[in-house]
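Trainee: I'd like to go through some of the labels people put on a structure and hear the reasoning behind them. Can we take them one at a time?

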Amino acid sequence: EHHQHGIDLTRLQNFDSFAALDESQREALAREWLQRFGNSGHHPNTVVDNLLNMIAARTAHALNLKGPALAVDTACSSSLVALHLAAESLRRGECEIALAGGVNLNLSPTPYLLFARAGALSPTGRCRAFDADADGFVPGEGAGVVVLKPLSKALADGDSVLAVLKRSCVNNDGRSLGVMAPNPDGQRAVIAGAYYDAEVQPAHI
């Protein structure tokens, strides 16, 4: 939020409206600013800690993970694409165990306001993908991580297996009604590809 608004306490103190306050009001505002936002000046880690790849790099650093560590941004499908890449990494033998997850936090109202201005948000508060009544999407917040292992390894280790990932596929919709609008043909193609690669009949799902 500090970067989006481009303001810190030092700049705030130079505003004419701030200078018009009496001393006690200026001190109270400065205290509240620090309590809410901390010192938002320029720190040595400001750039590094706001790079997209840092969430993956920090996780690998903290857990001493040596395999591929990367951040994925494919909008709404980011977590699923991360899961796909993790599973493929296991199949190629690049790692013995993988963590795949996703997080979305609405830390600032700015994206919400811009999506609303673009007409992308659902005024009814419901997601209805590919439905005739679809009127936009609903932003959400959350975080989740799954641990992946080859099934034989998980069973040998006595792990609780919650699900088995038969196969996954990734594609792009290509041209659609708009860059944020899904294309049913593209969605259909990737699902068909997953069935084909896994040698699974849709009727068995």
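Trainee: Why is Arg 91 called partly exposed?

Mentor: Keep in mind that this is a predicted model. Arg 91 has a relative accessible area of 38%, and partly exposed runs between the 20% and 50% cut-offs, so Arg 91 gets that label.

Trainee: What makes Arg 91 and Glu 88 a salt bridge?

Mentor: Their closest N and O atoms are 2.9 Å apart. The limit is 4 Å between a side-chain nitrogen of Lys or Arg and a carboxyl oxygen of Asp or Glu, so the pair qualifies. As background, side chains of opposite charge can pair when their charged atoms come close.

Trainee: How do you know that Arg 91 and Glu 88 are separated by about one helical turn?

Mentor: Because they sit three residues apart in helix α7.

Trainee: What else is in that helix?

Mentor: Ser 78, for one, as helix α7 covers residues 78–91.

Trainee: Why does Ser 78 count as buried?

Mentor: Its relative accessibility is 14%, and buried means under 20%, so the label follows. The side chain of Ser 78 also reaches the backbone oxygen of Ala 75 at 2.7 Å. Leaving aside residues up to four places away in sequence, Ser 78 touches Val 72 and Asp 73.

Trainee: What makes Arg 92 exposed but Glu 94 partly exposed?

Mentor: Arg 92 has 54%, and exposed means over 50%. Glu 94 has 42%, which falls in the range between buried and exposed. These two form a salt bridge as well, with the closest N and O atoms 3.3 Å apart.

Trainee: How many salt bridges does the count come to?

Mentor: Eight. One of them joins Lys 149 to Asp 157, at 2.8 Å between the closest N and O atoms. Salt bridges that share partners link Lys 149, Lys 153, Asp 157 and Asp 159 into one network.

Trainee: And disulfides: how many are counted?

Mentor: Zero. For Cys 127, the nearest cysteine sulfur belongs to Cys 76 and is 8.3 Å away; a disulfide needs the two sulfurs within 2.5 Å.

Trainee: Why is Cys 169 not bonded to Cys 95?

Mentor: Cys 95 has the closest cysteine sulfur to that of Cys 169, but the separation is 19 Å, so they are too far apart for a bond. Cys 169 itself counts as partly exposed because its relative accessibility is 25%.

Methods. Residues numbered from 1 in each chain as written. Predicted model: local features only at pLDDT ≥ 70, side-chain atom pairs only at ≥ 80, totals over all residues. Heavy atoms only, no water. Helix = DSSP H or I, 4+ residues; strand = E, 2+ residues; numbered from the N terminus. Buried < 20%, exposed > 50% of the residue type's maximum accessible area, 1.4 Å probe, protein only. Polar contact = N/O pair within 3.5 Å; in protein donor to acceptor, adjacent residues only side chain to side chain. Contact = heavy atoms within 4.5 Å.
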